[in-house]
Amino acid sequence: MSGIDRRGWLRGAAASAGGLMLSACDRLTQSQGVQRTLAGAEGLTKLVQRGLFPRTALAPEFGPEDISPDFRANGTRNPQDPGYVALRDSGFAGYRLVVDGLVERPLALSLPELRALPGRSQITRHDCVEGWSSIGKWTGARLSAVLQAAGLRDEARFIVFHCADKLEPTPDESGRYYESIDLEDAFHEQTILAYDMNGAPLPVPHGAPVRLRVERQLGYKHAKYVMRIEAVDSLARLGRGKGGYWEDRGYEWYAGI
Ligand SMILES: Nc1nc2c(c(=O)[nH]1)N[C@H]1C(S)=C(S)[C@@H](COP(=O)(O)O)O[C@H]1N2
Ligand SMILES: [Mo]
């Protein structure tokens, strides 16, 4: 896979864009119109963030004493979708994480298979866009290990997470939760498919049996109830085309913190 080359190129491009932005900033601050344009240009924000804070850097990690005694649950807390309810009632014995799309070897991983892959534990702070934070310990399979097992094809640019829940009860699929990240975040060391929270199997309110942790981004990127992972070359054909449930409703796709 040429992912390494792509990442190197991205970092180069980001560094130049970051530098450009900084030197241009002083001259531009006078113009409010220009400021608004820049603030709205998510692509530029993203590049500046990449330039100033290399995206391979780790999100802060905390000690066991910092773990929040009552980590908040937000969004869907108990999916009512019949397929999910059946899985939940059988203790997720029949759960299979489907990995497909632009991969060489589509997978359907059971929970024991997922637990057998190289994993990671991390105590991190979850920041919700609504203004609250909680600290929790997450253990899961590295997304990089899952993607390596499936073998990403060269055309793959984004990883999409399809969830079991409809946050908005629509008759069609438009209310279903989904999310997406780029390969930079997909291969980040702290990006995991968590199956344990605070040392116990992930509870239903927090996304059982598997949820994404993508620690450099805001809470809504951390897809819960992940049923299927799809590698794609474009986000245009998913949902309303913005790459996620909340993105389709106006939130930024790159939610860096
Ligand atoms: N499938 C799914 N994933 C989701 C959501 C959701 O409603 N459904 N809510 C998001 C939001 S806004 C936040 S802040 C976190 C909340 O995770 P928690 O319930 O473990 O606190 O999950 C995110 N992932
Ligand atoms: Mo959130």
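**Exercise 1. Describe the shell of ligand 1 in this predicted model: how many residues surround ligand 1, and which are the closest?**

Step 1. Count the shell. Ligand 1 is surrounded by 22 residues.
Step 2. Pick out the closest. They are Arg72, Asn74, Asp165, His206 and Lys224.
Step 3. Sort the shell by class. It holds 11 nonpolar, 7 polar and 4 charged residues.

**Exercise 2. Find polar side-chain contacts of ligand 1, using a cut-off of 3.5 Å between N or O atoms. Then state how much of ligand 1 the protein buries.**

Step 1. Start from a ligand nitrogen. A nitrogen atom of ligand 1 lies 2.7 Å from an N or O atom in the side chain of Asp165.
Step 2. Turn to the ligand oxygens. An oxygen atom of ligand 1 is 2.7 Å from a polar side-chain atom of His206. For Arg211, an N or O atom of the side chain is 2.9 Å from an oxygen atom of ligand 1.
Step 3. Take the area. Ligand 1 alone exposes 530 Å², and the protein buries 98% of that.
Step 4. Place the ligand. The space that ligand 1 takes is the largest pocket.

**Exercise 3. Classify the ring pair of Phe71 and Trp138. Which parts of the chain does the pair link?**

Step 1. Set the context. The whole structure has 8 aromatic pairs.
Step 2. Apply the geometry. The ring centres of Phe71 and Trp138 are 5.5 Å apart and the planes stand at 90 degrees, so the pair is edge-to-face. The angle cut-off for this class is over 60 degrees.
Step 3. Locate both residues. Phe71 is in the loop between helix H3 (42-52) and helix H4 (82-89), while Trp138 is in strand E4 (residues 133-142). The pair links distant parts of the chain, 67 residues apart.

**Exercise 4. Examine the backbone at Pro209 and Asn198. What is the peptide bond from Ala208 to Pro209, cis or trans?**

Step 1. Recall the background. Most peptide bonds are trans, and most residues other than glycine have a negative phi.
Step 2. Read omega. From Ala208 to Pro209 omega is near 0 degrees, and the bond is cis. Pro209 is in the loop between strand E8 (200-201) and strand E9 (211-213).
Step 3. Read phi. Asn198 has a positive phi, near 50 degrees. Asn198 is in the loop between strand E7 (192-197) and E8.

Definitions and conventions
Residues numbered from 1 in each chain as written. Chains lettered and ligands numbered in written order. Predicted model: local features only at pLDDT ≥ 70, side-chain atom pairs only at ≥ 80, totals over all residues. Heavy atoms only, no water. Near = heavy atom within 4 Å. Polar contact = N/O pair within 3.5 Å; in protein donor to acceptor, adjacent residues only side chain to side chain. Areas by Shrake-Rupley, 256 points an atom, 1.4 Å probe, with all protein chains shown as cover. 1 Å grid on protein atoms, 1.4 Å probe; cavity = no way out; pocket = protein on both sides within 12 Å on 5 of 7 lines; lining within 4 Å. Sits in = over half its atoms within 2 Å of the grid points. Nonpolar A, V, L, I, M, F, W, Y, C, P; charged D, E, K, R; others polar. Phe/Tyr/Trp six-rings, centres within 6.5 Å; stacked < 30°, edge-to-face > 60°. Helix = DSSP H or I, 4+ residues; strand = E, 2+ residues; numbered from the N terminus.
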